[in-house]
Structures are given as structure tokens and as C-alpha cells.
Amino acid sequence: MTGTLYDHLTAVIITGALFVAAVVAVPTLSYVNLLYVDQQQLRNVALETLKTMLLDTGYPLNWGSDDDFNQSNLERFGLALSDSSSSYMLDPDKVQRLVVNNSLGWVEYETVRQLLGLQGYGFSIRILPPFNVTVKDISPPGLKNQEFEVTVTFNDKKPIPNAVVEANIVYSYLVDPGETELDNKYAIRYTQGKGITNELGKCNIQTQIDDPLGRVQENLLIIIKTTVADVTTVTMMYKEGSSPEGLAKINVYGDSLNLTRPEKYDPNANIWICDIAMITEDGLIRLYNGTKSDNLNYGSKDLWNKIFNGLKSMGPVFMVFDFNAVEKGGGRQGALLVGPYPNHMGSRVTHYGSDRQSFTSGGSVTLSRAVNISGMTYIVELTLWKEM
């Protein structure tokens, strides 16, 4: 009798265990499998999207280079350089159209999403340097002796030893004093230094500025070219910490160089372009010696434009302008301005797209790919998610 009771209890326990497994464990396994399928599907969509962005030229072929840009003329989206036979070569003009609020026109997120067929999905794009370069000014007081501590790391913050660091300390120099301050002529000059990072990814760059006549303006630029295993990035910082306010916005499309009025400006300002240089993978190259007719006079002349044949093929990373200008809080002097934004920061696109945290219903997929823009390597990072 007792043995029969135990048999019945054992059967009940086993049946209960099987029921629990059927009700709880099996659906859980199915849910995990569904999540895996969804994630794999999301990854496939992201892969196809990234390939289209980076390998397709879009249509028209050179849609980013139009002087009178209108996103409604864009029939197909792609960032590839139309006249290149190599893969993952991006057109700098098209990339610049992803800079939100670009003063000469940009393509909106919803337009790109529609052209890529991503209805029901959200995405964001960043185009970043392959490694991080930070510069700390450790110069003693005065202009003569300049010293900077440069730190080079991977994007995960790990230090990079044996990186070759070349620095150009760029400054504005009064070459021709005029009868009045408005007539003063300034020119771009620079001094160079070089170093190699240690095991902590650090090195010090030292150089000197000779100024026996007291003609060097005090707003200096530090332009750092860093090379790691044949991969180069160029970044820039203002020694004073920020750019001059209210002067102009710089844009480059094809062979056209443009200055436009910034959002905040002095309506009484009158600035003229004394000198222009461009920064390429090979260093600083002087481009144009301006005159007083090359000016911005807000209210009567709020756009300056000039064509330089072959400019795009020279691969400028960013441009440096030397103005005769009145800076906010100071008098008229030689003022250096760098652009276009955000190229001089080492990035091409800091953020384009939507904020996935505001409306995502599930996971996301992030893919990255090395590309070439104007002869330099960047990392394109695409994050894709499914919307509610």
C-alpha cells in the first residue's frame, strides 16, 4: 500500500515538473530564440544600409557639390566618391551635407531615411578619427617658448606608444602696417615641432616663436598631425581655448571656398581676408594672398566666394583664414579662423540622425567601417534600431 502511494506521488511530481517545463521553460527558450532572430534581422538591415551609404555614389553622382544645394533634387542617397575606382572612398562634399545646420545647405534625416527605405527603423551616424589626440598647453608665460603635451589613445582610451606627432604652431603676423588699423596686412606663419609618444601615449612638443619687432598676434593655433602605422589624423586647437566669435563660417564644396555670415555677428563689423592656407595630409599649404576687396561687410556683403581650380583634388582637411578684424572684447588685429566645422576637431560628422533612447522599443546594432576622406582614414559608425 505504502509503495503504491509513493508511486502515485512520484508520478504527480514528475507530471508537475513536465508541466512547469512546458509552461515556463519552453516559452522562455522560444522568446530567447525570437530575440536572436530579431537581432540578426536588425544586423542584416544595418549591414545593407551601411554598404549602401559607403559604396553607392547616390544620384545625382556629385549631389553634394551643388552650389545651390536643394535636398529635393536628391533621388538616391550614397556618400561614395564618384570618380574613384577604390571602395570606401567618400566624397568630402557629400559628407559635409550631413553636418546639421550647415549654412550652405544640408540633407535632413527624414529625407535620408526615406531614400534608404528605413521606414520603421531609426538610425544615427558618426564619422570619427581612428584615434583620439588631446593637447595640453604647458607653455611658460609669453609667446617665445611654446610647449605642449600631446596624448594619443585609441577610441577605447588605451594609450598608443610610438605614434609620430608633428605640430605646427600657426600664428598671424603683421607684415605690412598701414596708415590705419584697417589697412594693416597680416600673414599666416608657423613654427614646427616633432615628438614620439612613450608607453603612456604621451610626448612633449617644444618650439619657439621669434618676434623681435613685436608683430606676432596672440591668437595661436596648434595643428597636430599624428601618424600610427601609416594611418594619419589631423586635429587642431586654439591656444586661447575657443575660436574668435562673430567673424564668419567657412565651407568648402568642390573647388569653391565660401565664407558666410554666422548666426551671431556685429552688424557694424568690416573684416577683410589677408591670407588663406589649407591643411592637408602633407601639412600646411598657403593658398591665397587676399586684398581689401576680399571682405565681408555685414548688411551689404554677407557672402564671400572664390573658385580655386584643383582645390578638391588637393584634399584639404580644413582651411585657415587670417583676417584683419575686430574681435569681441578687443581691438582690430590679425585674427585666425579655422573651418569647416567639425573637420578641424578631427571628426567629419559628430552626430547625424535620431536619438534612439527617446523611442526605441528593443535592442540596437552598431557597425563601424574604416573609410578614406581626402586622403585620410576615418571610422564611420552606424547605429540602427527598430522603432515602436
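Select helix α3 (residues 109-115) to begin: E110 and R113 lie three residues apart in this helix, so about one helical turn separates them. Display both side chains, and a salt bridge appears between E110 and R113, at 3.2 Å from N to O. The model on display is a predicted one. Colour the two residues by accessibility next. E110 has a relative accessibility of 46% and counts as partly exposed, whereas R113, at 13%, counts as buried.

**The whole chain**

Zoom out to view the complete protein chain, which contains three helices and 20 strands. The chain has 388 residues, and 46% of them are buried. Among contacts with a separation of 6 or more, 66% are between residues 24 or more positions apart. The structure holds eleven salt bridges, and two further examples follow.

**From helix α2 to a loop**

Select D93 and K312. Their side chains form a salt bridge with an N to O distance of 3.1 Å. This pair links distant parts of the chain: D93 belongs to helix α2 (residues 92-96), while K312 sits in the loop between β15 (303-307) and β16 (318-326), 219 residues apart. Is D93 buried or exposed? With a relative accessibility of 3%, D93 counts as buried. K312, by contrast, reaches 25% and counts as partly exposed. Add D91 to the selection, since D91, D93 and K312 are linked in a network of salt bridges.

**Between strands β2 and β20**

Move on to R126 and E381, whose side chains meet in a salt bridge of 3.0 Å, N to O. Here too, distant parts of the chain are linked: R126 lies in strand β2 (residues 121-128) and E381 in strand β20 (residues 376-387), 255 residues apart. Both residues may be checked for accessibility. E381 is partly exposed at 22% relative accessibility, and R126 is partly exposed at 31%.

**An open sheet of three strands**

Now select β3, β4 and β7. These three strands form an open sheet in the order β3-β4-β7, with antiparallel pairing. Which strands stand at the edges? They are β3 (131-137) and β7 (202-208); each has a single partner strand, so one side of each lacks a neighbour in the sheet. Viewed along the sheet, neighbouring strands are turned against each other by 25° on average, direction ignored. In general, the strands of a sheet pair through backbone hydrogen bonds, in either a parallel or an antiparallel manner.

Focus on the pairing of β3 with β4, which is antiparallel and runs over seven bridges. To locate a point along this pairing, select V135, which stands opposite V150 in β4.

**A buried glutamate in β4**

The last stop is E147, found in strand β4 (residues 145-154). Which side chain of opposite charge is nearest to E147, and how far away is it? The residue is K239, 10 Å away; E147 is buried yet has no salt bridge. A salt bridge requires a nitrogen and an oxygen of the two side chains to be within 4 Å, so K239 does not qualify as a partner at that distance.

Show Q206 beside E147: a polar contact of 3.1 Å joins their side chains. To see the wider surroundings, select the residues that E147 touches, leaving aside those up to four places away in sequence: K136, D137, I138, S139, N204, I205 and Q206.

Methods: Residues are numbered from 1 along each chain as its sequence is written. This is a predicted model: local features need pLDDT of at least 70, side-chain atom pairs count only at pLDDT 80 or more; totals for chains, interfaces and linings use all residues. Side-chain values use heavy atoms; hydrogens and water are left out. Helices (H or I, at least four residues) and strands (E, at least two) are DSSP runs, numbered from the N terminus. Buried means under 20% relative accessible area, exposed over 50%, partly exposed in between (1.4 Å probe, protein chains only). Lys and Arg count as positive and Asp and Glu as negative; His and the chain ends are not counted. A polar contact is a pair of N or O atoms within 3.5 Å; within protein, one must be able to donate a hydrogen and the other to accept it, and residues adjacent in sequence count only if both atoms are side-chain atoms. Contact means heavy atoms within 4.5 Å. Two strands pair if DSSP finds at least two bridges between them. Axes are lines fitted to C-alpha atoms, for helices over the stretch in contact, and angles run from 0 to 180 degrees between N-to-C directions.
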